[in-house]
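Colleague: Could you walk me through this one slowly? I'd like to start with the overall picture and then look at some details.

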Amino acid sequence: MKMAHLVTNCSFSPSPAVKPYARSSGYCCNVAQFQSLKCSNVVLKSCPARPRKAFAARASAVVQGQTGKTQTPLTGNEQASGHSSSRPKKVMVIGGDGYCGWATALHLSNKGYEVAIVDNLVRRLFDHQLGLDSLTPIASIQNRIRRWKSLTGKTIQLYVGDICDFEFLSEAFKSFEPDSAVHFGEQRSAPYSMIDRSRAVFTQHNNVIGTLNVLFAIKEFSEECHLVKLGTMGEYGTPNIDIEEGFITITHNGRTDTLPYPKQASSFYHLSKVHDSHNIAFTCKAWGIRATDLNQGVVYGVRTDETAMHEELSNRFDYDGIFGTALNRFCVQAAVGHPLTVYGKGGQTRGYLDIRDTVQCVELAIANPAKPGEFRVFNQFTEQFSVNELAKLVTAAGAKLGLEVQAKSVPNPRVEAEEHYYNAKHTKLMELGLEPHLLSDSLLDSLLNFAVQYKDRVDAAQIMPNVSWKKMSAKPKTVSV
Ligand SMILES: NC(=O)c1ccc[n+]([C@@H]2O[C@H](COP(=O)([O-])OP(=O)(O)OC[C@H]3O[C@@H](n4cnc5c(N)ncnc54)[C@H](O)[C@@H]3O)[C@@H](O)[C@H]2O)c1
């Protein structure tokens, strides 16, 4: 059977029949819906079944660096076997229209990987539904990809569809034949998952079933494909002992074992990530899947070398109470003269990283793949800060730019410890060669300047948190004006 499913340069609107908080399937372009979409310039590609091939023979990348010099990085397999092939390594970036995914797709494309984005654009729909917008104007995914091609000559393929639709995902896997699948494609906001029952169910269904489908697609169609899955440091919670990278060795009643590190998630979103990790670990054991779970900290920043090349390549910058993350939010608040919203006592400490390090970490994970059957866990962050520490840093950086910044404690909408011990290990990516961009004064200055540049786009009504963990109910929450 031949299926048409590769879509580029295609524009369409979400179905008006989609409920505000319903599954995304009405919005996406799955195989059945594909025919009815109004696409101005659609490329159709047939996908005959293919025999399975040995990964070691084909997993290599010809890399075009920033300097224009061509290098050929070897994967772990190739380093072990001592030879490489010249075909560019193929990476499927699931969720490649989002904040981390877009920056990563461009970075990998720039480095010479053959990239395909899989995304159902549901994140743009959430923004419409909740009346939110990125601080930075973002171009449509089709225009982003066209602009990238015109600037660099590099093609990024685009599959618009929902990974919860296994038929769609199967066709994408069969057609693209990825060597690695980087999976960013989830509902990623803890507050969103705590709005009401419907959003909690959506989040867990979308994330857990989507990941399960990716695992089945790898098993069925690309068994050598390395899964690089974005998890979160939030899976561990805030235990009163050091946090290890995925596993802890415990001696109990005289016997010793190395076990998965305990998980204490604190929202339905974080719980979906825990469920994902368990499903991935199980399929590594049962089916021999090779997987890396990247327990990522909170990401800040917006520009990478590639997204800075043209305004149509700009990344999204969320500052609202639902999708905005701590430091980015504080920079926007400082830029518009809003007091920095410190939740409760502000002692909440987490791992943070620059978005330029997100793309670097993913590249390192791809270039050094897990072995068949191996479930690896890397803690992906570079520094730890408490909310109060971040507020102090932003206040000081704002003063240098002549901004009067104040921090204000607001009632904490979450259920979490506000003062606690926190010491999380993060050595494995450093051992693979991560060169971190630490949060220096100059970076904060440029982030603040960036926020000031776009401050006329800020909707002050979106700044305060308005989703309470305790007040969540089964009733659909309406958005009042
Ligand atoms: N941003 C952070 O600070 C942060 C921190 C830790 C972990 N992470 C993880 O990194 C990943 C990416 O986060 P982000 O900030 O880029 O999020 P994002 O919301 O900006 O991007 C997610 C993308 O996935 C797509 N998507 C969601 N469900 C999908 C589905 N069923 N099928 C196809 N596409 C789907 C969305 O349309 C969106 O483009 C997430 O898994 C998140 O949990 C992010």
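**Walking through the model**

Modeller: Buried residues make up 49% of the 481 residues in the protein, where buried means that 20 or more other C-beta atoms, placed from the backbone, lie within 10 Å of the residue's own. This is a predicted model, in which local features need pLDDT of at least 70 and side-chain atom pairs count only at pLDDT 80 or more, while totals for chains, interfaces and linings use all residues. Residues are numbered from 1 along each chain as its sequence is written.

Colleague: What does the protein average in pLDDT?

Modeller: The average is 86, and 82% of the residues score at least 70; pLDDT is the predictor's confidence in each residue, from 0 to 100. Over residues 1–83 the pLDDT is below 50, although this stretch has 157 contacts in the model beyond near neighbours in sequence, a contact being two residues whose C-beta atoms, placed from the backbone, lie within 7 Å.

Colleague: And how many helices and strands are there?

Modeller: The protein has 15 helices and 16 strands, which are DSSP runs numbered from the N terminus, with at least four residues (H or I) for a helix and at least two (E) for a strand. Among these elements, strand E3 (residues 90–94) has the highest mean pLDDT, 99, and helix H2 (residues 55–58) the lowest, 28.

Colleague: Changing topic, which residues come nearest to the ligand?

Modeller: Of the 28 residues around the ligand, those are Gly95, Gly98, Cys100, Arg123 and Arg188, with a residue counted as near if its C-beta atom, placed from the backbone, lies within 6 Å. Several elements give two or more residues to this shell, among them helix H5 (122–130) and helix H9 (197–221), but the largest share, three residues, comes from H4.

Colleague: Okay, and what about the sheet with E13, which strands are at its edges?

Modeller: That open sheet of three strands has the order E11-E13-E15, with mixed pairing, and two strands pair if DSSP finds at least two bridges between them. Its edge strands are E11 and E15 (383–386), each of which pairs on one side only. Strand E13 (residues 349–354) and E15 run antiparallel and are joined by four bridges, and Gly351 has Gln384 in E15 as its bridge partner.

Colleague: Which helix lies across it?

Modeller: Helix H12 (residues 355–367) lies across E11 and E13, running at about 80° to E13; the axes are lines fitted to C-alpha atoms, for helices over the stretch in contact, and angles run from 0 to 180 degrees between N-to-C directions.

How values were computed. A residue is buried if 20 or more other C-beta atoms lie within 10 Å of its own, exposed if 12 or fewer, and partly exposed in between; C-beta atoms are placed from the backbone.
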